Amino acid sequence: MSMIWLQDIAFLILLIGISIPLGIYIYRVMTGQARFMAPVEKGIYRMLGVQDKNEMSTKKYAVSILIFSGIGFVLLFSTMLLQEVLPLNPEHLKSVRWDLAFNTAASFITNTNWQAYSGESTLSYLTQSIGLTVQNFVSAGVGISVLFALIRGFTSKNKKTIGCFWHDLTRSILYILLPFSFALAIVLVSQGVVQTLLPYKVVTALQNGASQTIPLGPAASQIAIKQLGTNGGGFFGMNSAFPLENPTAISNLLELLSILLIPCALCISFGKAVKDSKQGRAILITMIILFVAALAIVNISEQYGTVFYEGVAASGNMEGKEVINGVGSSAIWGTATTAASNGSVNSMHDSFTPLGGMMMMFLMQLGEIVFGGVGSGLYGMIAFIILTVFIAGLMVGRTPEYLGKKIEPFDMKMVCLIILAPPLLTLLGTAVTVMLPQAASWLSNSGAHGFSEILYAFSSMANNNGSAFSGFTGGTMFTNVFGGIIMLIVRFIPMTAAIFLAGDLSNKKIITASEGTLSTSNTMFVGLLIAVIFIIGALGFLPALALGPIADFFTALK
Amino acid sequence: MKKQPLKNKIWTDAIKQSFVKLSPRTQLKNPVMLVVYIGAIMTTILYFLSFTGIKDENAGYTLAISLILWFTVLFANFAEAIAEGRGRAQANSLRSARKDVKAKKLKAPTNHDDYTEVLSNTLKRGDIFLATAGDQIPMDGEVIDGVASVDESAITGESAPVIRESGGDRSAVTGGTTVISDWLVVKVTAEAGESFLDKMIAMVEGASRKKTPNEIALQILLVTLTIIFVVVTATLLPFSDFAKRQAGSGEAVSITNIIALLVCLAPTTIGALLSSIGIAGMSRLNQANVLAMSGRAIEAAGDVDVLLLDKTGTITLGNRQASEFIPLKGVTEQELADAAQLSSIADETAEGRSVVVLAKERFGIRGRELSKLNANFIEFSAKTRISGVDFQDNEIRKGAAEAVKKYVLDKGGDYPDECAEIVKEVAGCGGTPLVVAKNEKVLGVIYLKDIVKNGVRERFDDLRKMGIKTIMITGDNPMTAAAIAAEAGVDDFLAEATPEAKLSLIREYQSKGHMVAMTGDGTNDAPALAQADVAVAMNSGTQAAKEAGNMVDLDSSPTKLIDIVRIGKQLLMTRGALTTFSVANDVAKYFAIIPVLFFGIYPKLEALNFMRLTSSTSAILSAIIYNALIIVALIPLALRGVKYREVSASKLLSRNLLIYGLGGISAPFIAIKLIDIILTVCGIA
């Protein structure tokens with residue numbers, strides 16, 4: 001156990017150490033201060049027909065994102081429908097059924113990467129690389145763009161515009177996602193992750209001389225961005241538990257690091273951008289505390305939560321975990337991938353102990369704000385900060401303000417939209433599913449654990465996480481269509497609300513802080529923010545969790 | 001004596017109103033309580049359905065739940081009604097001041113004899129009327145001729161009469177006040193129904209109360225929480241049904257229990273008290289004799305971080321005190337002091353008394369036998385700006401330089417340049433010169449000095465701790481202003497303040513992101529008042545000033561601004577504290593209800609029932625009884641407001657979090673357990 005803690009602490013130090021310079025770099029890039037690729041950047045603008053000094057209104061910014069994502073959806077959807085007639089399909093895989101194509105397209109443009117299929121048996125190299133990988137980049141880029149639009153809402157004064165979406169998107173991809181993914185992909189290849197366009201290999205296994213098909217493909221390039229962009233959609237069905245996606249300890253560390261790296265760095269960028277590093281630090285500390293608390297529970301539960309399997313698990317709960325990863329690396333990956341809205345897995349979450357599984361579920365149910373998705377996690381967190389500021393601000397006898405911006409009815413409406421959508425859709429999605437008579441037949445477990453499987457699936461989809469508890473059969477026509485719709489709503493309603501929030505804030509004056517102003521960067525505020533996040537999450541999900549993992553836990557207790 | 005029956009009447013009225021407010025139209029205005037209202041209706045229907053055999057729960061239990069829910073709604077109505085009742089009582093006492101009186105409507109302002117008697121409510125804007133001693137002023141207006149003292153106690157509660165005169169800053173008169181001496185010719189500025197008094201009545205009655213922006217924003221938050229809880233509880237029906245099928249034991253949660261849980265979780269405490277907090281804030285302001293033109297203004301008062309304070313009356317005593325006798329050449333100081341003392345001996349004003357005190361201190365001049373002197377005292381009047389004494393063929397006069405100069409010249413004496421010099425010098429130091437003359441001869445000048453009030457320094461220190469900056473506004477020259485500013489401990493000052501300078505100062509602070517509050521009374525203050533975020537016009541001020549401001553101070557007290565800030569902050573704090581309390585309560589209610597709700601399906605969940613509540617019936621009943629009672633328990637707090645201290649934001653927050661956050665988490669654990677014990681003892685469980 002002490003080795004696990006040691007490993008976790010080392011990981012956190014490494015993570016924070018890298019994210020600080022990266023955060024500063026992202027800030028400089030996104031504010032147009034570092035433009036070392038200016039010719040390329042300007043070339044792209046010229047192609048898009050955008051001026052170098054273009055500014056967009058709130059509405060235009062939102063519409064641009066919706067149209068851009070809409071086009072991405074149509075392209076991806078049709079690629080899958082036409083897969084069998086398109087090139088780069090050495091395995092001659094069939095076209096994808098429409099409902100699965102819809103689900104997958106919705107899943108990838110929303111940065112969810114819920115996968116109701118196995119990559120190696122369903123998608124061609126073309127669909128994977130030109131279709132999915134591209135969306136992995138742009139959906140992450142959209143998240144970062146919206147975050148910076150919101151940041152500009154705080155920094156600008158009496159302005160009607162919130163920046164230009166095309167600039168934000170171009171910069172986030174060109175300077176951040178592409179170069180880092182490229183570097184990571186190269187390192188992954190060096191560790192043994194495949195990157196090829198050759199067909200699958202049939203090999204003769206050592207045992208009994210049986211033949212086995214080894215799936216291949218341009219995996220490394222997709223895996224790099226899947227981790228960095230909090231996407232999480234594996235190239236292969238087994239995701240990062242598969243040796244060709246995650247072969248060594250080094251690849252495991254790098255992939256794990258990449259899950260949290262950009263969301264972590266964005267907190268630093270936020271502080272820089274609002275010209276008050278303490279604000280960014282407070283957010284980062286809040287996220288780290290919540291993360292560490294969850295991690296501790298998962299660790300303890302996985303290590304000691306299985307004592308009643310007498311004589312079986314001497315070293316913690318190893319069911320569903322890779323031997324090379326063990327309890328420690330699986331627990332931290334599981335916690336990280338659900339804290340951030342990544343969703344890639346290196347172990348089977350369904351096999352976690354009830355409390356371990358509950359923590360991962362709960363991290364998603366908090367609204368994917370503990371790190372969360374790139375960009376989207378932080379703007380979700382900002383919504384919670386505004387909520388906290390609203391209540392706490394009143395208690396110091398002033399109408400609430402955050403970073404000098406007064407929080408008025410319109411802002412509250414937008415904040416509530418951001419906060420409201422995920423829990424409502426999680427609960428409603430689960431409720432609709434359990435009402436279906438065939439629901440029980442989609443489960444691999446019965447009792448409380450069976451309910452957990454459904455709840456986990458909808459927590460994952462309705463928070464744009466994409467990780468799977470497995471056990472729940474995701475591939476039915478119903479879950480494909482219903483889940484696809486949920487993922488679209490839960491991505492674009494909060495996102496649009498965040499953009500309109502940015503527009504409204506941008507148009508306000510900035511109020512100077514005084515002794516009478518509530519501090520949003522001190523210890524008390526961090527504590528209060530954690531309490532608000534926890535209470536809102538707990539109030540929303542305690543009854544459901546009581547019927548799932550909590551009942552599971554108590555029932556399993558001797 | 002009269003207070004007790006009045007209080008009883010407010011109570012009985014409020015109870016009556018609690019039932020009147022059960023109408024759906026009223027309930028629709030408060031979304032959180034609407035949920036409780038619908039829940040009450042649904043459980044009532046469920047109870048009656050149980051007679052037909054459709055059974056959701058034990059009929060008696062459903063009835064109990066439904067009754068408690070109805071009481072919850074009534075309690076919320078009562079909270080609002082009692083706050084409104086207090087406002088209405090204030091309005092009624094104001095209304096008694098407004099009766100229809102006969103007005104002497106003039107055809108021409110100059111001819112006082114040519115008037116027709118009309119009823120006050122027929123007066124139109126622009127009409128001119130005459131009011132002589134003993135007349136009630138029929139309508140708001142502006143004095144266009146005459147000087148008179150007016151009793152405004154009906155509006156302000158202040159018994160000392162005030163001077164009203166044409167021109168200048170004291171030209172506004174209010175309907176319902178009474179002329180005590182002399183006469184006034186007044187031009188009507190507001191017609192019946194829109195007069196100041198009418199607006200005031202409407203405001204305190206809450207008739208024209210609109211939800212303020214902050215209230216709306218809070219309402220949005222409460223509605224959001226309610227929506228979450230509606231979904232959380234509604235989905236429990238399919239969840240528990242599914243769990244029942246999976247576990248093969250127990251029952252799905254009943255609709256009655258789902259409604260009970262929803263009502264427990266919805267932020268009913270703050271939802272029920274939100275509007276009373278707003279109304280009570282308005283009433284507290286009225287009790288301070290300040291009339292806000294909108295609720296928004298009170299909220300803005302809480303945000304203010306720059307106070308522009310008029311020096312006179314706020315920082316220094318309104319009355320200056322004699323500090324020095326400055327004789328002219330050829331006159332001894334004692335001679336001057338003697339004359340000054342004599343002229344002031346009957347002067348009851350603070351300034352007059354200070355002259356007597358100074359004379360005693362300097363030269364031991366004591367009170368004299370007034371009857372022996374056979375003296376005739378001339379009182380100060382607003383018109384002559386001079387006072388004095390006639391005795392034994394001598395006339396002593398003291399007053400403003402210009403007035404004494406006129407007096408001396410009229411007497412055939414002359415006004416020496418030396419005196420003019422001294423007057424200028426004294427004025428230059430920020431003091432007020434009073435010239436003393438005996439018969440036609442000018443004796444010298446009394447130097448009246450500003451005295452900084454006791455305790456202002458500490459007050460400003462407190463304000464600074466709260467992050468509020470104080471700026472002294474004065475007409476004095478910069479040197480005097482700096483001296484007084486330093487003595488009083490203000491953060492900054494604006495000397496030789498002109499209305500333009502005030503306006504640009506406000507703009508400058510606002511552009512730096514500050515919220516500015518000021519008081520003003522003159523017409524020339526109007527632009528600055530209109531610019532300030534919180535602008536308090538003196539009731540004694542002009543109509544223009546009152547219209548430009550967003551509050552009117554009936555006492556015309558310059559220190560009122562600080563009280564207004566306090567009331568504004570208190571209002572916001574009360575809202576925040578009760579919201580925190582309401583949400584924090586949910587934690588305990590969950591622990592009370594959740595384990596017993598699913599106990600049938602997963603018996604092991606009993607482990608979560610660490611409150612050891614007797615049964616599911618008693619647990620749920622205890623929780624919703626607590627939920628209803630806490631509303632009543634908190635009504636006094638909502639009306640009174642959370643205690644306010646002048647400390648920094650972080651101290652305030654930690655204090656309020658401790659009381660309302662932690663208190664909000666722990667209080668229901670204790671209360672629910674107690675109610676559970678009582679129910680168990682009564683055998684209900």
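Across the interface of chain A and chain B there is one salt bridge. The model shown here is a predicted one, so let us take a friendly tour of two places in it: the meeting of the two chains, and a sheet in chain B.

**Where the chains meet**

- The salt bridge pairs the side chain of Asp303(B) with that of Lys406(A), at 3.5 Å from N to O.
- Polar contacts between chain A and chain B add up to twelve residue pairs, with both residues at pLDDT 80 or more.
- On the chain A side, the elements that give two or more residues to the surface touching chain B are helix 13 (376-395), helix 14 (409-435), helix 15 (447-461) and helix 17 (523-556).
- Helix 17 of chain A makes the largest contribution to that side, with 16 residues.
- Sorted by class, the side of chain A that touches chain B holds 42 nonpolar, 14 polar and seven charged residues.

**How much is buried there**

- In total, 63 residues of chain A are in contact with 63 residues of chain B.
- The two chains bury about 5300 Å² between them, and 77% of this lies on carbon and sulfur atoms.
- Three residues to find in the structure are Met395(A), Leu539(A) and Leu547(A): they supply 14% of the area that chain A buries against chain B, more than any other three residues.

**The sheet in chain B**

- Six strands of chain B form an open sheet with antiparallel pairing, in the order 11-16-15-14-13-12.
- Strand 11 (321-327) and strand 12 (376-378) of chain B are the edge strands; each has a single partner strand, so one side of each has no neighbour in the sheet.
- On average, and with direction ignored, neighbouring strands of this sheet are turned by 20° against each other.
- Strand 15 (residues 432-438) and strand 16 (residues 441-449) of chain B run antiparallel and are joined by seven bridges.
- Within strand 15 and its partner, you can look for Leu434(B), which stands opposite Ile446(B) of strand 16.

**Helices against the sheet**

- Helix 12 (residues 333-344) of chain B packs on the sheet and touches strand 11, strand 12, strand 13 (386-391), strand 14 (394-399), strand 15 and strand 16 of chain B.
- The direction of helix 12 of chain B makes about 135° with that of strand 11 of chain B.
- Helix 13 (residues 350-363) of chain B lies across strand 11, strand 14 and strand 16 of chain B, and runs at about 60° to strand 11.

How values were computed
Residues are numbered from 1 along each chain as its sequence is written. Chains are lettered from A and ligands numbered from 1 in the order in which they are written. This is a predicted model: local features need pLDDT of at least 70, side-chain atom pairs count only at pLDDT 80 or more; totals for chains, interfaces and linings use all residues. Side-chain values use heavy atoms; hydrogens and water are left out. Two strands pair if DSSP finds at least two bridges between them. Helices (H or I, at least four residues) and strands (E, at least two) are DSSP runs, numbered from the N terminus. Axes are lines fitted to C-alpha atoms, for helices over the stretch in contact, and angles run from 0 to 180 degrees between N-to-C directions. Contact means heavy atoms within 4.5 Å. Buried area is the accessible area (1.4 Å probe) that two parts lose on being put together, summed over both. A salt bridge is a side-chain nitrogen of Lys or Arg within 4 Å of a carboxyl oxygen of Asp or Glu. A polar contact is a pair of N or O atoms within 3.5 Å; within protein, one must be able to donate a hydrogen and the other to accept it, and residues adjacent in sequence count only if both atoms are side-chain atoms. Ala, Val, Leu, Ile, Met, Phe, Trp, Tyr, Cys and Pro count as nonpolar, Asp, Glu, Lys and Arg as charged, and the others, Gly among them, as polar.
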